[in-house]
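User: Please take a close look at one part of this structure and then relate it to its surroundings. A connected account, moving outward from that part, would be most useful.

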Amino acid sequence: MLLGLLDMSAAFDTVDRSILLRRLEVSYGITGRVLQWLTSFLTDRTQVVTCAGTQSTLQSLLYDVLQWSLLGPLLFVLYFADVIKIAANHGVCMDAYADDIQTYASCKASDQQTATSRLLACVADIETWLSSNRLKLNANKIEFIWLGTRQQRS
């Protein structure tokens, strides 16, 4: 089995709220009061940073879902759900926990080239999708690992 470990950079902080709200409406059928409530929850957010008694100026936040809120991780999963379809289209399995993604392809030892090509093509398509949705893979943290018995790996 070939395992690909992927990590997104600042994923919760870069979610495009307008894309998220449109996706909630179009892909998940969320409309009316619920969509209004979510729009209210996600828009007009600001932040101030205090360090050593000094406070920054008030900054508007244009992109993010609150990772530490109860709703933030759920909204992120709904925003990110198309990535699961990309993996399935490549015949690659995928598990994700927040912004960490594990992709894997099982194969016979004799089919390692095919599995490698399939997984690399999947990761490239995931990276393209992420980029078009304002998310980014952290290239420094991507790892690929072959798993199997000593004989299979050799």
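Analyst: In this predicted model, His90 is placed in the loop that links H4 and S6. His90 counts as buried because its relative accessibility is 19%, and the limit for that class is under 20%. Not counting residues up to four places away in sequence, His90 touches Arg118, Ala121, Cys122 and Asp125.

The two elements on either side of this loop lead to helix H3. H4 (82-89) and strand S6 (93-97) are among the elements against which the buried residues of H3 pack, together with H1, helix H2 (32-42), S7 and helix H5 (112-132). In H3, which spans residues 71-80, the buried residues are Gly72, Leu75, Phe76, Tyr79 and Phe80. These residues line one face of the helix, because they fall within an arc of 130° when H3 is seen down its axis.

Helix H1 provides a second view of this packing. Arg17, Ile19, Leu20, Leu21, Arg23 and Leu24 are buried in H1, and the buried residues of H1 pack against H2, S2, S5, H3, H4 and H5. H4, the helix before the loop of His90, is thus packed against by buried residues of H1 and by those of H3.

Just before H1 (17-26), Asp16 is found in the loop that follows S1. Asp16 counts as buried because its relative accessibility is 8%. Leaving aside neighbours within four places in sequence, the contacts of Asp16 are Tyr63, Tyr79 and Arg134. Of these, Tyr79 is one of the buried residues of H3.

Tyr63, another contact of Asp16, is found in the loop between strand S5 (59-61) and H3. Its relative accessible area is 31%, so Tyr63 is partly exposed. With neighbours within four places in sequence again left aside, Tyr63 is in contact with Asp13, Thr14, Val15, Asp16, Arg17 and Arg134. Tyr63 and Gln151 are 88 residues apart in sequence, and their C-alpha atoms are 48 Å apart in space.

Arg134 is in contact with Asp16 and also with Tyr63. The loop between H5 and S8 holds Arg134, which is partly exposed because its relative accessible area is 45%. The backbone of Arg134 has a phi near 65°, a positive value in a residue other than glycine. Most residues other than glycine have a negative phi. Asp44 also has a positive phi, near 55°, and is found in the loop between H2 and strand S2 (45-47). Asp44 counts as exposed because its relative accessibility is 77%.

On the other side of the His90 loop, S6 leads into the strands. S6 and S7 are paired in the antiparallel sense over five bridges, with Ala96 standing opposite Ile101 in S7. The two strands form a hairpin with two residues between them, and Ala98 in the turn has a positive phi of about 55°.

S7 (residues 100-105) pairs in turn with S1, also in the antiparallel sense, over six bridges. One of the facing positions is Asp7, which stands opposite Asp100 in S7. S1 is further joined to S8 (residues 143-146) by four bridges, and these two strands run antiparallel; here Leu5 stands opposite Glu143 in S8. S1, spanning residues 2-7, is mostly covered, with five of its six residues buried. In a regular strand the side chains alternate between the two faces of the sheet.

The largest pocket brings together residues from separate stretches of the chain, and about 200 Å³ of space lies in it. Its lining includes Met1, Cys107, Lys108, Ala109, Gln112, Trp146, Leu147 and Gly148. Gln152, Arg153 and Ser154 also line this pocket. By class, five of the lining residues are nonpolar, four are polar and two are charged.

To return to the part under examination, His90 is a buried residue in the loop between H4 and S6, and its contacts beyond the local sequence are Arg118, Ala121, Cys122 and Asp125.

Key. Residues numbered from 1 in each chain as written. Predicted model: local features only at pLDDT ≥ 70, side-chain atom pairs only at ≥ 80, totals over all residues. Heavy atoms only, no water. Buried < 20%, exposed > 50% of the residue type's maximum accessible area, 1.4 Å probe, protein only. Pairing = 2+ DSSP bridges. 1 Å grid on protein atoms, 1.4 Å probe; cavity = no way out; pocket = protein on both sides within 12 Å on 5 of 7 lines; lining within 4 Å. Points joined across faces, edges and corners; volume = space filled by probe spheres on them. Nonpolar A, V, L, I, M, F, W, Y, C, P; charged D, E, K, R; others polar. Contact = heavy atoms within 4.5 Å. Arc of directions from axis to C-beta.
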